[in-house]
Amino acid sequence: MTTETHAATGGREGNPLWSSRLTFILAATGSAVGLGNIWKFPYITGENGGGAFVLVYLLCIALIGVPILIAEIYLGRRGRRSPLATMVHLAKQDGRSHNWKWLGIMGMTCAFLILSFYSVIGGWSMVYVGHAFNGAFIDSTPDQIGALFGGMLQSPGNLLFWHTLFILIVLTILAGGIRSGLEKAVNILMPLLFLLLLVMVGYAMSTAEFMTAVEFLFKPDFSRLTTEAVLSALGHAFFTLSLGSCAMMAYGSYLPENVSIPRTAITIAIIDTLVALLAGLAIFPLVFSNGLEASAGPGLIFQSLPLAFGQMPAGLLFATLFFFLLLVAAVTSAISMLEPSIEWLEEKPALNRVKATAIAGAAVWVTGLLTVFSFNQWAELHPLAFLPVFEGKTFFDILDYLTANIMLPLGGLLMVLYTAWCIKPMTVIDELKLKSGTAALLLPVMKFVSPALLLLVFVYNLL
Ligand code: TRP
């Protein structure tokens, strides 16, 4: 099939495209907005001292995030196939090595592996919706809250149950396919998420320390900016936009031809950033008003926040809302992590959408067991301890490290390199419908700036 007829037919039989630009934006922001925004962004901002870190993070989103997001969605739309088949197809079309298929294979695997542990953490948010609703936080002490968290991790049966339920929710949405599954879900879940977040910020505004939080987030104090903070801002820009794992490529493969990718990518990045900042504005006033530590680390929302919820008026309601919001954000991200694998399986003649979903789902559920047991039975098991980087790391730690620190940056680097160096510049300009000004800006950034910065994080992380 030629490119023209391919594009005109949408590339595959019977597989529809997103129904509009807006739906794509909802789905892609659904992917981008997740535990990264609500759980991770606040705690790493807290650990890295606030304002200056936020500023660097914003720069990273603009200079690395947006160009790679454009590249990834563009590759997906150009291929209109699963990430693996897309890379094979494009490499052939552009006269490049067949080995580019490894980019598709690595991305697909990476998203799959991320889901295997993301789902367990998604399960935590379900457990916490339950705790919140049952009033478990009301007037409790730090020790009690700590015991709640520890108790949850100690029980493999419990973790397994919620991991299973989380996967089942994700599969139910995915089995419906693009139009009746993903679109319907994001159309409801994303507006709900914004609404809940605004309610939370509204409450935070009424607390005594709201302005302290605003200053903490937006008044840069460069004396608190370390090299490590810069690099962690860079890495997070990546994770939060769901870049480098072919999830956005898979979503891009359903993107209608007439939608402007650069404009859409910028919109997604703005919404994702806005949600992270709103999450900060919802969380830090509670942290400061209750005299909690901003730099509490990964436990910030699971251990510090419940304390705040336990003290505030209508805390039961706000706590339930908050953890439900976290769950919604996690679900819409999780579906994007399995889409590349499902899209790939669906290309096998013997498999339809439902069968492909079931197979991918079963596989990711089993892989998730590694994470479930990492917190209890296998907490002392360090399977790759013979390699220095993996010393003292459980299965969960290894999966997290391998995906976030190695596979994502490498995937993103390869995507932007392919787009900028392996496709004819005129083709890129043409297909992205770039005006000459935009092209003069975007192409050099894709060719040099983003890869150089990325290489920096990558090498640093490996050292
Ligand atoms: N961006 C999501 C978050 O912030 C996580 C996510 C979804 C993701 N899809 C991804 C991360 C693909 C890496 C790769 O929580």
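Q: How do the residues of the lining of the second largest pocket divide into nonpolar, polar and charged?
A: This is a predicted model, and the classes are read from its residues. The lining of the second largest pocket has 13 nonpolar residues, one polar residue and two charged residues.

Q: Which residues lie nearest the centre of the second largest pocket?
A: The lining consists of 16 residues, and Trp-39, Tyr-43, Ile-121, Phe-396 and Asp-400 lie nearest the centre. The space in this pocket is about 270 Å³.

Q: Which element gives the largest share of the lining of the second largest pocket?
A: Helix H3 (35-47) does, with five residues. At least two residues each come from H3, H6 and helix H17 (395-422).

Q: How many cavities of 30 Å³ or more does a search of the whole structure find?
A: The general idea comes before the count. Rolling a probe the size of a water molecule over the atoms shows where empty space is left. In this structure the search finds two cavities of 30 Å³ or more. The largest cavity has a volume of about 160 Å³.

Q: What lines the largest cavity?
A: Its lining is made of 17 residues, and those nearest its centre are Ser-31, Ile-114, Phe-239, Ser-242 and Met-337. By class, eight are nonpolar, nine are polar and none is charged. H2, H3, H6, H11 and H15 each give at least two residues to this lining.

Q: Where does the ligand sit?
A: The ligand sits in the largest cavity. Two or more residues of the shell around the ligand come from each of helix H2 (21-32), helix H3 (35-47), helix H6 (101-133), helix H11 (227-240) and helix H15 (315-346).

Q: How many residues surround the ligand, and which are the closest?
A: A residue counts here if one of its heavy atoms lies within 4 Å of the ligand. There are 16 such residues, and the closest are Ala-32, Gly-36, Tyr-118, Phe-239 and Ser-242. This shell has seven nonpolar and nine polar residues, with no charged residues.

Q: Which N or O atoms of the protein pair with polar atoms of the ligand?
A: To read a polar contact, look for a pair of N or O atoms within 3.5 Å. In the side chain of Asn-37, an N or O atom is 3.3 Å from an oxygen atom of the ligand. Thr-240 uses a backbone N or O atom, which lies 3.1 Å from a nitrogen atom of the ligand. The side chain of Ser-336 has an N or O atom 3.3 Å from a nitrogen atom of the ligand.

Q: How much of the ligand's accessible area does the protein cover?
A: On its own, the ligand has 360 Å² of accessible area, and the protein covers 100% of this.

How values were computed:
Residues numbered from 1 in each chain as written. Predicted model: local features only at pLDDT ≥ 70, side-chain atom pairs only at ≥ 80, totals over all residues. Heavy atoms only, no water. Polar contact = N/O pair within 3.5 Å; in protein donor to acceptor, adjacent residues only side chain to side chain. Areas by Shrake-Rupley, 256 points an atom, 1.4 Å probe, with all protein chains shown as cover. 1 Å grid on protein atoms, 1.4 Å probe; cavity = no way out; pocket = protein on both sides within 12 Å on 5 of 7 lines; lining within 4 Å. Sits in = over half its atoms within 2 Å of the grid points. Helix = DSSP H or I, 4+ residues; strand = E, 2+ residues; numbered from the N terminus. Nonpolar A, V, L, I, M, F, W, Y, C, P; charged D, E, K, R; others polar. Points joined across faces, edges and corners; volume = space filled by probe spheres on them.
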